[in-house]
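Work through the exercises below with the coordinates open, and try each task before reading its solution.

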Amino acid sequence: MVEVAWEDVHEVKEIIADIRDGDCDLRWVIFGYEDAHMRTLVVVEAGDSGLEGLVKSLEDDKISYAFFEVAEKTFALFQWLPEQASGMAKARASIHRSFVTSLLGNISIDIVAHTRSDVSQGRIDEELSYMEATRGQLLTDDVAVKKLQEEHKRKQELAKQRMLAGNTKDAQLRLATLSAGGAGNAQGHLARVSGSNTSSKQQNKSESAALFEKAKVDIELEDEDNLRELVLDLREPDREDYEDFNWMIMGYVEDKKNTLALVETGNDTREGLSDYIKTELGGGADRVLYILIKEDNHVHKVVFVSWIGKSVPALKRAHASTHRGAICSWLATIVQSRDEEFVSSCSELLGLKEEEGEEEPAAPADGE
């Protein structure tokens with residue numbers, strides 16, 4: 001459940017309508033969060049200038065969403081995730097993204113930007129040229145692979161520039177990712193494009209893709225970089241924001257049985273986690289979840305909890321068991337000190353005797 005709302009949804013709709021109106025001078029708007037709790041989205045600024053004016057209005061430490069008319073009847077969304085923003089904030093924003101886009105209408109260009117070079121006229125021109133070249137055409141395998149290769153090369157160059165700027169934790173992380181995902185390790189990789197698999201000898205793998213392929217497990221992590229940053233933040237000892245963030249949940253993306261994404265983050269350790277599962281996930285009896293809990297702020301150790309609800313069909317349980325091993329391999333590259341638990345209910349999560357109404361239901365058929 002997306003726990004975010006617009007401060008004034010009617011104002012937002014009016015501004016979007018004005019930008020889409022060819023007779024109106026308004027060209028862009030920036031939405032941001034009211035405060036650090038990230039529960040309310042507000043209009044930060046709107047303008048009639050070009051892209052330069054929009055970029056100047058972006059703040060280096062605040063996440064925002066920019067809706068912009070890039071050409072006549074052609075609109076773009078820039079999700080601004082600056083490098084100075086925390087991993088937890090970026091992860092929350094990844095959950096809120098669909099909430100924002102649901103109000104914008106048709107978007108031709110959708111870009112996640114981490115630096116101002118990601119929000120450049122050159123980048124927009126590239127996207128517009130690609131749109132024009134492929135207008136009315138089906139995306140062939142060769143074109144799709146070339147597009148992915150160009151995008152990966154651009155991201156690599158940007159990552160190298162950031163690494164040269166300083167020996168930060170993020171820079172070291174990107175260096176390790178680039179080293180692990182070199183072109184020499186990517187031969188024969190299958191790149192998923194437009195619903196089909198296309199062979200690409202030059203397509204680079206993410207670190208998780210390499211690990212999961214080695215384990216012969218077909219699973220993907222949505223927004224992997226943000227998930228990794230979030231885990232890095234969670235494991236850090238003596239964090240000032242520990243009381244606000246001490247657990248995170250990953251679950252399967254709807255209609256994608258092999259894709260995992262962030263479900264939620266929260267506080268109050270196991271009690272807060274249990275309350276969330278009861279109130280927002282209906283008790284989790286039909287859910288498979290992968291949970292990380294930080295119970296002691298003074299150490300690096302976290303607890304990795306595999307949650308398989310009691311109503312989960314047998315076939316889905318088998319898939320989850322295989323996926324858990326792959327996720328453990330991925331976590332091992334980030335968190336070296338962790339305990340593991342297996343639970344199927346909130347009572348087990350809290351170490352309590354089963355409550356009335358939590359007894360094991362009849363096992364459903366695999367096809368249900």
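The exercises that follow concern a predicted model, and they deal with strand pairing, salt bridges and surface charge.

**Exercise 1.** Determine how strand 10 is paired with strand 11 and with strand 12.

*Solution.* Begin with strand 11 (residues 259–266), which runs antiparallel to strand 10 and is joined to it by six bridges. Within this pairing, tryptophan 247 stands opposite glycine 266. Next, follow the chain between these two strands: they form a hairpin with six residues between them, and aspartate 255 in the turn has a positive phi of about 70°. Then turn to strand 12 (residues 288–293), which is also antiparallel to strand 10 and is joined to it by five bridges, with leucine 292 as the bridge partner of methionine 248. Finally, consider the cover of strand 10 (residues 247–252), of which five of the six residues are buried.

**Exercise 2.** For the salt bridges of glutamate 52, arginine 92 and lysine 301, find the partner, the place in the chain and the exposure.

*Solution.* Glutamate 52 pairs with lysine 56, with the closest N and O atoms 3.5 Å apart. Because these residues are four apart in helix 2 (residues 51–57), about one helical turn separates them, and both glutamate 52 and lysine 56 are exposed.

Arginine 92 pairs with glutamate 264, with the closest N and O atoms 3.2 Å apart. This pair links distant parts of the chain, since arginine 92 belongs to helix 3 (residues 87–101) and glutamate 264 to strand 11, 172 residues apart. Here both arginine 92 and glutamate 264 are buried.

Lysine 301 pairs with aspartate 339, with the closest N and O atoms 3.8 Å apart. Lysine 301 lies in the loop between strand 12 and strand 13 (302–308), whereas aspartate 339 lies in strand 14 (residues 338–343), so the pair ties together parts that are 38 residues apart in sequence. Lysine 301 has a relative accessible area of 36% and is therefore partly exposed; aspartate 339, with a relative accessible area of 36%, is partly exposed as well.

To place these pairs in context, note that the structure holds 13 salt bridges, and that Arg270, Glu295 and Glu341 are linked in a network of salt bridges.

**Exercise 3.** Locate aspartate 23 and decide whether this residue is buried or exposed.

*Solution.* Aspartate 23 sits in the loop between helix 1 (9–20) and strand 2 (28–33). Its relative accessibility is 74%, and because exposed means over 50%, aspartate 23 counts as exposed. On the surface, Asp23 belongs to a patch of negative charge, whose members include Glu7, Asp8, Asp21 and Glu34.

Technical notes:
Residues are numbered from 1 along each chain as its sequence is written. This is a predicted model: local features need pLDDT of at least 70, side-chain atom pairs count only at pLDDT 80 or more; totals for chains, interfaces and linings use all residues. Side-chain values use heavy atoms; hydrogens and water are left out. Patches are made of residues with over 30% relative accessible area and no salt bridge: like charges are joined within 9 Å, nonpolar side chains (Val, Leu, Ile, Met, Phe, Trp, Tyr) within 5 Å. Accessible areas come from the Shrake-Rupley method with a 1.4 Å probe; for residues, only the protein chains shown count as cover. A salt bridge is a side-chain nitrogen of Lys or Arg within 4 Å of a carboxyl oxygen of Asp or Glu. Lys and Arg count as positive and Asp and Glu as negative; His and the chain ends are not counted. The place of a charge is taken as NZ of Lys, CZ of Arg, CG of Asp or CD of Glu. Buried means under 20% relative accessible area, exposed over 50%, partly exposed in between (1.4 Å probe, protein chains only). Two strands pair if DSSP finds at least two bridges between them.
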